[in-house]
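Please open the structure in your viewer and keep the selection tool at hand. The tour below proceeds from one selection to the next and states what is found at each stop.

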Amino acid sequence: MEIDSLSSLERREILLTDIRNAIEVEWANPMKMNNDDAVLRSSLTLSDIDSAYARMRRFAPLMKKLFPETEERNGLIDSDLVEVSKLREALNSPRIGADISGRLMMKLDSHLAVAGSVKARGGIYEVMKHAEILAVENGILESFEDDYCKLADEEAREFFATRKLQVGSTGNLGLSIGIMGAALGFQTIVHMSSDARQWKKDLLRSKGVTVIEYEGNYSDAVKEGRAKSDADESSYFVDDEHSQELFLGYAVAAKMLVRQLAAEHIVVDGDHPLFVYLPCGVGGAPGGITFGLKQLFGENVHCFFVEPTQAPCMLLGMVTGLFDNISVQDIGLSGNTQADGLAVSRQSGFVGEFILPFLSGDFTIKDKRIFEYLQLLWQHEGIFIEPSACAAIHGPVCMGRSAVMDEYKYDNRLGKKMANATHIIWATGGNLVPEEVRQQLLARKA
Ligand SMILES: *Cc1c(COP(=O)(O)O)cnc(C)c1O
């Protein structure tokens, strides 16, 4: 039967069966709205992103002081956008069989300062906001115009040392909150799920962060952490499943990208579409970045998430309409994946429903293919990124070779414009991976 003649209900049945069987799928979001309508019904706006960006700028002098590596970007945390034409060639070769037209770029959040992953955007931002509120309330800062370097003074540190920061994490969010929290002098406690890599725990402990390990999965670690923090008046919990602060911290990436694209002479307009592919766990990072990009580029940007076949919590929640009321275990999937940052069984309590009208689609990927991409990227570009980040490479591959995406291009009148397209693979982590672990990942049989 032709795909066209299947009713949407039948299509959904087939899709859900494939998801349940851990088969790789490509999904174009039928609930995506016209961008103006999506913006109108959204509870967050561009001005929320602007104020997050302003806060980051207020902290920039302090960031330079605490983390000299941020000096070259004036105390802001951002990454390079690089062209990966050799990867494009390798993906377009018969072995992989992609058909990528236009330019292929990579956004190297894998190399972000301080935390070496996309979590440096959201996590550090949320710690900034919390520290700022505490400091103003307690007279350490007079106002938002005060000298934020005061936050590195002995007096401020002694105050922060009476306060706790807690977070549940599969690893990278813990690194981001842990490193930033410890740098300001907070007592930081990271609740880690069983998926968390040993080196991430070791690194945190070396920074003086308390790491508590759990047998269970990510949601369990978050739940435990939240309960412990809520029971303690001096404690603040960074809640990856609900935090709008994390979300806005990620969204600022879009503002930074606008300038970078201009510097690269990359045009985004009605004739030059931009495609962005983002690895998705709980949804905060890819959702926040998508939200920011849709505010700035509107209809001309097309954002896709990529998730592991064993942990497609965002896709499952969207396709069923159950959002965070369904977990991947409910349909018999394990939730286990080597892409530890994406080992999430249940989506965020607000991101799925919030981002649905903006999202173009979602792809799932098997672990085996993740390692193939990891090695291909290293071999052809000399860039190392962690397994979670490699999931995004599947985006441009799917874009050019699936019937579902052909239909998406047709529906969005993109056919003739694909030659003018720019594709961005959002590389979300990897810089802090120790050499020994890198070698294991690179040698792993795909
Ligand atoms: C956390 C993470 C993601 C996904 O972010 P979510 O907010 O969980 O969706 C992607 N890649 C890496 C490397 C991560 O650490």
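Begin by selecting Asn 172 together with the ligand: an N or O atom in the side chain of Asn 172 is 2.7 Å from an oxygen atom of the ligand. A polar contact is a pair of N or O atoms within 3.5 Å; within protein, one must be able to donate a hydrogen and the other to accept it, and residues adjacent in sequence count only if both atoms are side-chain atoms. Taken alone, the ligand exposes 380 Å², of which the protein buries 98%; such accessible areas come from the Shrake-Rupley method with a 1.4 Å probe, and for residues only the protein chains shown count as cover.

Before continuing, please note that this is a predicted model, in which local features need pLDDT of at least 70 and side-chain atom pairs count only at pLDDT 80 or more, while totals for chains, interfaces and linings use all residues. Residues are numbered from 1 along each chain as its sequence is written, and side-chain values use heavy atoms, with hydrogens and water left out.

**The ligand's surroundings**

Select Val 282 next: a backbone N or O atom of this residue lies 3.0 Å from an oxygen atom of the ligand. At Ala 285, a polar backbone atom is 2.8 Å from an oxygen atom of the ligand. In total, 16 residues surround the ligand (a residue is near a molecule if one of its heavy atoms lies within 4 Å of it). The closest are Lys 119, Asn 172, Gly 281, Gly 283 and Thr 428.

**Strand S4 and its partners**

Now select residues 164–169, which form strand S4. Helices (H or I, at least four residues) and strands (E, at least two) are DSSP runs, numbered from the N terminus. Is S4 buried or exposed? Of its 6 residues, 6 are buried, so the strand is largely enclosed by the rest of the structure. Buried means under 20% relative accessible area, exposed over 50%, and partly exposed in between (1.4 Å probe, protein chains only). Lys 164, Gln 166 and Gly 168 point one way from S4, whereas Leu 165, Val 167 and Ser 169 point the other way.

Add strand S5 (residues 187–192), which runs parallel to S4 and is joined to it by 6 bridges; two strands pair if DSSP finds at least two bridges between them. Val 167 has Val 190 as its bridge partner in S5. Then add strand S7 (residues 235–238), which pairs with S4 in the parallel sense over 4 bridges. Here the bridge partner of Leu 165 is Tyr 236.

**Aromatic pairs**

The structure holds 13 aromatic pairs. Rings of Phe, Tyr and Trp (its six-membered ring) pair if their centres lie within 6.5 Å; planes under 30 degrees apart count as stacked, over 60 as edge-to-face and the rest as tilted. Select Phe 59 and Tyr 148: their ring centres are 4.9 Å apart and their planes stand at 80 degrees, so this pair is edge-to-face. Both residues, Phe 59 and Tyr 148, are buried.

Move to Tyr 277 and Phe 304, whose ring centres are 5.9 Å apart with planes at 25 degrees, so the pair is stacked. Tyr 277 lies in strand S8 (residues 274–279) and Phe 304 in strand S9 (residues 301–308), so the pair ties together parts that are 27 residues apart in sequence.

Finish by selecting Phe 247, Phe 291, Phe 350, Phe 354 and Phe 358, which ring pairs link into a cluster.
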